[in-house]
Amino acid sequence: MTDLKTTAGKIEDLNSKLSEARTASPARSRVQALLDADSFVETDALARHRSVDFGREHDRPYTDGVITGYGTIDGRKVCVFSQDSAIFDGTLGEVYGDKIIKIYDLAIKTGVPIVGIYESAGARVQEGIVTLAMYSRILNRATKASGVIPQVAVVLGDNEGMAAFPPALADLLVFSDEGALHQAAPSVVKEVFNEDVTAAQLGGAEVHRANGVAHLTASSEDEAIALTRDALAYLPVNNRAEAPRTDADITGGSIADNISESDLRLNGLIPDEESAVYDVLDIINAVVDADSFLEIQPDFATNVVTGFAHIEGRAVGIVANQPAALAGALDNAACAKAARFIRTCDAFNTPIIEFVDSPGFIPAPAEERAGLLSHAAKLAYAQAEASVGKLTVITRKAIGPAYVFMGSKDLGADLVFAWPTAEIAVTQTSQAAAAIYGAEATQEQIDALEEQFMGPYAAAERGLADSVIEPSTTRGNLIQGLRLLERKTEVGLPKKHGNIPL
């Protein structure tokens, strides 16, 4: 028997308690898989609930159902919590909530990212209303941390009720195919609507891939954790830091001296046929560092592409119209997707590069009724608000509102490049001819308007495009622009905060 009157006995007792607290579990294994080997330092391992109702005083496991602490990912400090569904189904009680709040506070104070690994059945009913107070405090902390430290949510199991809401506040939400986020319980749906549904049907990975809640999805738990590590490599530890740079060849000499075979292929990428499509990913992958593009929300609003990449080892955010989907036209979903990503980049000092090829907004009654004006205003707001370096490349169409909303000079772009194939105009030539000459417009008049207004040169003459460049020089121009914009400073007007049309 342990003699608690001796130092040796007290140390033995401590080790016994810690051994009980550190029992192997999926939640603990997930933390160990996420962090660098042997870097995890656990906090509040011996925390236990204080509830005495419903016989709970006889069932007080250590950790209380959530593992918290800190460690490193690729050598950089992060805070982490992992919900343990093996203890009370991962339900949140008062002590459990306190542990998450404490680790959030630690992350905010020390300026390091926080990663939450989610699998929880929601509020612990046996502890009553205090559980909802805990959720309120967690949502409060996540809001305070927003734009200060990167927040990543990793959904690896079923999350129901209040447990489904905190992940939605994360900067990046990573989903495994086994994960689910849903406010309504299947049993409640059955009771209220007499409809049989599963957790996956309410909020599984497939659902949230399509609706845009999930930013990255993976077929397995291990892949989701690996994706999380990859994604964090593009983000700084906090809003005052620069994202880590990868090893890369730094070019010297002129832009012309550094044109590669990959660059030259861009000269033939835009089809001669105006209505023909191409894949904007071919442009992105040609100008960024090899194999560095990480697409965000690839299955949502596919008419716009968003993602992180590296150029000369420097992290950048990419926003691009996708001609292969809806001809690159903008709609409600595309505007919301692009706006959120731009704001994420701006919050964390990540320069933004935009590739523009869009005929404008989809002229559909359903889009108008769904609030197109408000969603488009979000995109305009995000573009104008962003103070990081912003570079725009117009590859083909920048027609009407697409020119304005997709990184125009007067909406805040620092440098705008246009390819010779760019078509920058108020409207399509046929519509312009009808507006100017009426229904009797001749083909000769239409051709004259095309030559006068549809190319990149009218915009270049007015300074709305800084340069008309050969496509093969795009990477070189972006490198030089990014080097210059490292020195960018911009001081906004004093205000509490803006009022983005949410």
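Between domain 1 and domain 2 an area of about 1400 Å² is buried, with carbon and sulfur atoms giving 64% of it; buried area here is the accessible area (1.4 Å probe) that two parts lose on being put together, summed over both. The model is predicted, so that local features need pLDDT of at least 70 and side-chain atom pairs count only at pLDDT 80 or more, whereas totals for chains, interfaces and linings use all residues. Residues are numbered from 1 along each chain as its sequence is written, and side-chain values use heavy atoms, with hydrogens and water left out.

The domain assignment of the protein places domain 1 at 15-234 and domain 2 at 255-422 + 465-485, bounds of this kind coming from an automatic or database domain assignment. The contact (heavy atoms within 4.5 Å) takes 20 residues from domain 1 and 17 residues from domain 2. The centres of the two domains, taken over C-alpha atoms, are separated by 34 Å.

Across the interface of domain 1 and domain 2, 4 residue pairs are in polar contact, both residues being at pLDDT 80 or more; a polar contact is a pair of N or O atoms within 3.5 Å, where within protein one must be able to donate a hydrogen and the other to accept it, and residues adjacent in sequence count only if both atoms are side-chain atoms. On the side of domain 1 that touches domain 2, two or more residues each come from α7 (205-211), β8 (216-218) and α8 (221-232), these elements being DSSP runs numbered from the N terminus (helices H or I, at least four residues; strands E, at least two). The largest share of that side, 3 residues, is given by α7.

The count of salt bridges between domain 1 and domain 2 is 0, although a search of the whole structure finds 28, a salt bridge being a side-chain nitrogen of Lys or Arg within 4 Å of a carboxyl oxygen of Asp or Glu.
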